[in-house]
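User: I have a model open and want to learn how to read its interface and its ligand site. Can you take me through them step by step?

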Amino acid sequence: MNLRLHIWRQSGPQDTGMLKTYDVANVSEHMSFLEMLDVLNEDLIAKGELPVAFDHDCREGICGTCGMVINGRPHGPLARTTACQLHMRTFKDGDEIYIEPWRARAFPVVRDLVVDRGSFDRIIQKGGFVSVNTGNAQDGNTLPIPKLDADRAMDAAACIGCGACVAACPNASAMLFTAAKIGHLGSVPQGQAERSTRAMNMVLQMDAEGFGACTNHYECEAACPKGISADFIAQMNKDFVSSAFGGRD
Amino acid sequence: MKAFGEIWESNLFQKWLMAITGLLLVGFLIGHLSGNLLVFMGPDAINEYAHGLRTMLHGTAIWIVRFGLLASFALHVTSAIKLARRNRAARPSSYNTVEHRASTLASRSMLYSGLLLLTYAIYHLAHFTWGAVHSEFYVKACPPSPECTDCIPDVYAMIVSSFQQPVISVAYVLAMIMVGLHLNHAIASASQTLGLRNRRIVPIVRTVGPLLGILVALGFSSVPLAILAGIVK
Ligand code: HEM
Ligand code: SF4
Ligand code: FES
């Protein structure tokens, strides 16, 4: 199939950037979206132009590195699918496709479609962990966890930190990501000791990074390739308020 | 320990304040509506009710409620504007194409429906409480005193003569459409903000919230519409 792409080109953080139009011919429907961009880049390199910069790593939908807004939807039109797992059979001959980076103050563009998601790392550093002494791991069965709690923790832990939730949110809010991390650790006994501090510190770090506030549109949930539920946001709201009024830290 | 000031200024705490004060305002609307519907029971019912409100606890009750309302409004509006500005700043460059998948017209227009409501509320007070506009229809409340039984102001006449003016009625109904739009998102949203969410409650609030919005809007609008139609005169 032949496609017309409108791709955001921005040479660096200071550049204002603009959409540029490219035609790609003979795209196979079996290619992934990123492979299609690889083909375009080969072409651009052959012509002596700079290739389109985009992030990717596993190309299996598990690492959270890839991400771009495709026709107004983070990761493209398919639900629960990362850009790397989106295949060209979703599109048809003659389609025009708009490709833009995640847009948020807290995710500055590095180049073209690559954004700096260091703000997510700094949120994690504020409490997305449990502090345990190193040494031998304890026996698996000494800490019984009800199946439902374990499942809930796993549902939250499915977050790959891609940032599509921020990209989709009209307020560029990081609530779904942060709530997934807080909800993951808050669902299991190991996370209880630091639960109150974690909610407080991670939430305040979101603000410090310049993410917006949630207005409960649920665009994040619709865009999330891992189907993280906004239930976790409600849980985080509760954890934060009880930390504000009852926490000791 | 984090200072309370820092917590207070955080997005999540401001949002929580907005939900609490918003729900207080919803409670007020429902109370206000039940009072208004007394119009349908004739002049005496609503006049005595209005007089009762102004003289309850020697006139202090209404001031307690007024202070509560004023504080709720002030907190609700200041946090709404503060958060809206921060949200705008969080997305400095906009997308070329955006597709909405979950948000609604109501959820995206909360700030605008809210600001229109605020504007209307001020006009509404100027009309029915202060008598600053449409003063030809205004009836002055008598000074609150328990002995004064024969000076019950004719609120009924004020309401009927005001709403017989189509312009006043149309403005009122438009404002009530804004209330319905605001509540369409607000009630379910507040339940999420307060963390009241699980598989049991989500279907309930997502039905009851918008329904309550429609009922409140229809209930309030029924008064001017009945007056315009000549059912209440
Ligand atoms: C009778 C008047 C009002 C009632 C009953 C009311 C009720 C509510 C409720 C219950 C919420 C939900 C809070 C949440 O999302 O957690 C809300 C949100 C909101 N209200 Fe109001 N409100 C009123 C007036 C206003 C006014 C005057 C403004 C003016 C700016 C306003 C602006 C907003 C905004 C911007 C939101 C946030 C929406 C969001 O986060 O999605 N409201 N309101
Ligand atoms: S919550 Fe979903 S959309 Fe957001 S970072 Fe995690 S996986 Fe990506
Ligand atoms: S490249 Fe790893 S999730 Fe897409």
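Analyst: Start with a rule. A salt bridge is a side-chain nitrogen of Lys or Arg within 4 Å of a carboxyl oxygen of Asp or Glu. Keep in mind that this is a predicted model.

User: How many salt bridges are there between chain A and chain B?

Analyst: The count is 3. One of them joins the side chains of A:Glu221 and B:Arg197, at 3.6 Å from N to O.

User: Which elements of chain A give two or more residues to the side that touches chain B?

Analyst: Two strands and four helices of chain A do so: strand 4 (73-74), strand 5 (96-100), helix 4 (164-168), helix 6 (195-209), helix 7 (219-223) and helix 8 (231-246). Helix 8 of chain A gives the largest share, 10 residues.

User: What is the make-up of that side by class?

Analyst: The side of chain A that touches chain B has 31 nonpolar, 13 polar and 11 charged residues.

User: How do I read the extent of the interface?

Analyst: Use residues in contact, then buried area. Here 55 residues of chain A are in contact with 38 residues of chain B. The area buried between the two chains is about 3900 Å². Carbon and sulfur atoms give 53% of that area.

User: And how many residue pairs are in polar contact across the interface?

Analyst: The rule finds 30 such pairs between chain A and chain B, with both residues at pLDDT 80 or more.

User: Now the ligand. Why is the site of ligand 1 called shared?

Analyst: A residue counts as near if one of its heavy atoms lies within 4 Å. Residues from both chain A and chain B surround ligand 1, so the site is shared between chains.

User: Which residues come nearest to ligand 1?

Analyst: There are 24 residues around ligand 1, and B:Lys15, B:His76, B:His182, B:Ser189 and B:Thr193 come nearest.

User: Where do polar side-chain atoms lie relative to ligand 1?

Analyst: Take three residues. B:His76 has a polar side-chain atom 2.8 Å from a nitrogen atom of ligand 1. For B:His182, a polar side-chain atom also lies 2.8 Å from a nitrogen atom of the ligand. B:Thr193 places a polar side-chain atom 2.6 Å from an oxygen atom of ligand 1.

User: Which helix of chain B gives the most to the shell around ligand 1?

Analyst: Helix 2 of chain B, with 8 residues. Helix 2 (11-36), helix 4 (60-90), helix 6 (110-128) and helix 8 (166-193) of chain B each supply at least two. By class, the shell has 15 nonpolar, 8 polar and 1 charged residues.

Note on methods
Residues numbered from 1 in each chain as written. Chains lettered and ligands numbered in written order. Predicted model: local features only at pLDDT ≥ 70, side-chain atom pairs only at ≥ 80, totals over all residues. Heavy atoms only, no water. Contact = heavy atoms within 4.5 Å. Buried area = accessible area lost by both parts, 1.4 Å probe. Polar contact = N/O pair within 3.5 Å; in protein donor to acceptor, adjacent residues only side chain to side chain. Nonpolar A, V, L, I, M, F, W, Y, C, P; charged D, E, K, R; others polar.
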